[in-house]
Every structure is written in C-alpha cells, then in structure tokens.
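Subject: Structure for you to look at

Dear colleague,

I am handing over the structure below, and I would be glad if you could look through it before reading on. My notes on what was found in it follow underneath.

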Amino acid sequence: MKLIDLQVGESLKVTNIIDDKNNIKKRLNDLGITKSVVITIKGFAPFGSPVNISLRGYNLAIDKKYLNNIEGVKVWR
C-alpha cells in the first residue's frame, strides 16, 4: 500500500521508500521519513497538494507527488 492511498486520519508504517532518478529517497530521509516510522495523514490542501502529515511528533507539509514513493502497511488504531 502506498501513502497516497490513505484518507485523512489514517496511518501507515513505512516499509519501503522507492527511489528514482531525482534521489527522492535521500530527500525524504532528510525530512525524517525512514523505514518503520508511522505517518498519519492530517489533511489535504484545497487543490490536493501539499498534504499535511504527522510523524515523529511533528507536522510536515509535503508535495502530493512524494506520497507515491512511500510504501508501507496500514496501521489500525
């Protein structure tokens, strides 16, 4: 499952970050998005991007295109 598939309020435990020619994996790692971190979708901007996510005790606004690169397992709370 990818992070883009979640709705507001749902969480995902990261299992893989897909890298591409733009070195997205390094950018996401620098933001704290690493394997086994739990990410919660807090909200979407009116036109869909950016997306407000919560991880490691802080909120982060990230472009929607990056959500396709984050794979994981849905966390049921």
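Please keep in mind that this is a predicted model. A convenient place to start is the hairpin of S3 and S4, where two residues lie between the strands and Arg56 takes a positive phi near 50°. The two strands of this hairpin run antiparallel and are joined by five bridges, and within this pairing Ile53 stands opposite Leu60 in S4. On the S2 side, four bridges join S2 to S3, again in an antiparallel arrangement, with Asn52 in S3 as the bridge partner of Gly43.

Taken as a whole, the sheet is open and has five strands in the order S4-S3-S2-S1-S5, with antiparallel pairing. Its edges are S4 and strand S5 (70–75), each of which has a single partner strand, so that one side of each is left without a neighbour in the sheet. Neighbouring strands are turned against each other by 40° on average, if direction is ignored.

Turning to the interior, the largest nonpolar core has 19 residues, of which Leu3, Val14, Leu28, Ile33, Ile39, Ile53 and Ile70 touch the most other members. At least two residues of this core come from each of strand S1 (11–17), helix H1 (24–30), strand S2 (38–44), strand S3 (51–55) and strand S4 (58–62). Ile53, which was mentioned above as the residue opposite Leu60, is worth following further: leaving aside residues up to four places away in sequence, Ile53 touches Ile33, Ile39, Thr40, Ile41, Lys42, Tyr58, Asn59, Leu60 and Ile62.

As for charged pairs, a search of the whole structure finds two salt bridges. In one of them the side chains of Glu10 and Lys74 meet, at 2.8 Å from N to O. Glu10 lies in the segment before S1 whereas Lys74 belongs to strand S5, so this pair ties together parts that are 64 residues apart in sequence. Glu10 is partly exposed, at 23% relative accessibility, and Lys74 is also partly exposed, with a relative accessible area of 21%.

The other salt bridge links Asp30 with Lys26, whose closest N and O atoms are 3.2 Å apart. These residues are four apart in helix H1, and therefore about one helical turn separates them. Asp30 counts as exposed at 57% relative accessibility, while Lys26, with a relative accessible area of 45%, is partly exposed.

With best wishes

Note on methods:
Residues numbered from 1 in each chain as written. Predicted model: local features only at pLDDT ≥ 70, side-chain atom pairs only at ≥ 80, totals over all residues. Heavy atoms only, no water. Core = buried A, V, L, I, M, F, W, Y, C linked by side-chain atoms within 4.5 Å. Buried < 20%, exposed > 50% of the residue type's maximum accessible area, 1.4 Å probe, protein only. Contact = heavy atoms within 4.5 Å. Pairing = 2+ DSSP bridges. Axes fitted to C-alpha atoms, helices over the stretch in contact; angles between N-to-C directions. Salt bridge = Lys/Arg side-chain N within 4 Å of Asp/Glu carboxyl O.
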